[in-house]
Amino acid sequence: MKKYCLAVDLVNDPVMIAEYEQYHKKARPEIAESILDAGITQMEIYRIGERLFMIMETEDDFSFENKAQMDAANAQVQEWEQLMWKYQKALPSAKPGEKWVLMDKIFALK
């Protein structure tokens, strides 16, 4: 198992943030299926203010490149990503077009 942590910001608008959270109360089945099919075994998203933090646990052979290819070939995932981009905004350190940015692990108790 591998673990990844990623971050993205939301548009600073309370109504839009509430809408975004509502979309995530219960994931669309086709979106959840695409996440599992990519080798992600667990995913959680947390929010403070307009910052989102995602924790992903994956199978050992998971790759972001493979997930990106799978997502690009899935019209339902593309529709979902377009919808979510309405609510999300790139971090200042993000590359052009990059949404979720991989975080560096800087501490572990064990």
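Two strands count as paired if DSSP finds at least two bridges between them. Strand β2 (residues 40-48) and β3 meet that mark, with eight bridges joining them. The model is predicted. This briefing covers the strand pairing, a buried serine in helix α2 and a nonpolar surface patch.

**Strand pairing**
- Strands β2 and β3 run antiparallel.
- Within this pair, I45 has M54 of β3 as its bridge partner.
- The hairpin of β2 and β3 has two residues between the strands.
- In that hairpin, G49 takes a positive phi near 60°.
- Strand β3 (residues 51-58) is also joined to strand β1 (residues 2-10), again by eight bridges.
- Strands β1 and β3 run antiparallel.
- K2 has its bridge partner in β3, namely T58.
- In a regular strand, side chains alternate between the two faces of the sheet.

**Helix α2 and S34**
- Helix α2 spans residues 29-37 and contains S34.
- S34 counts as buried because its relative accessibility is 10%, and the cut-off for buried is under 20%.
- Leaving aside neighbours within four places in sequence, S34 is in contact with N74 and V77.

**Surface patch**
- I106, F107 and L109 form a nonpolar patch on the surface.
- Together, these three residues have about 460 Å² of accessible area.
- F107 lies in the segment after β5 (101-102).
- F107 is exposed because its relative accessible area is 64%, and exposed means over 50%.

Note on methods:
Residues numbered from 1 in each chain as written. Predicted model: local features only at pLDDT ≥ 70, side-chain atom pairs only at ≥ 80, totals over all residues. Heavy atoms only, no water. Patch = residues over 30% accessible without salt bridge, like charges linked within 9 Å, V, L, I, M, F, W, Y side chains within 5 Å. Areas by Shrake-Rupley, 256 points an atom, 1.4 Å probe, with all protein chains shown as cover. Salt bridge = Lys/Arg side-chain N within 4 Å of Asp/Glu carboxyl O. Helix = DSSP H or I, 4+ residues; strand = E, 2+ residues; numbered from the N terminus. Buried < 20%, exposed > 50% of the residue type's maximum accessible area, 1.4 Å probe, protein only. Contact = heavy atoms within 4.5 Å.
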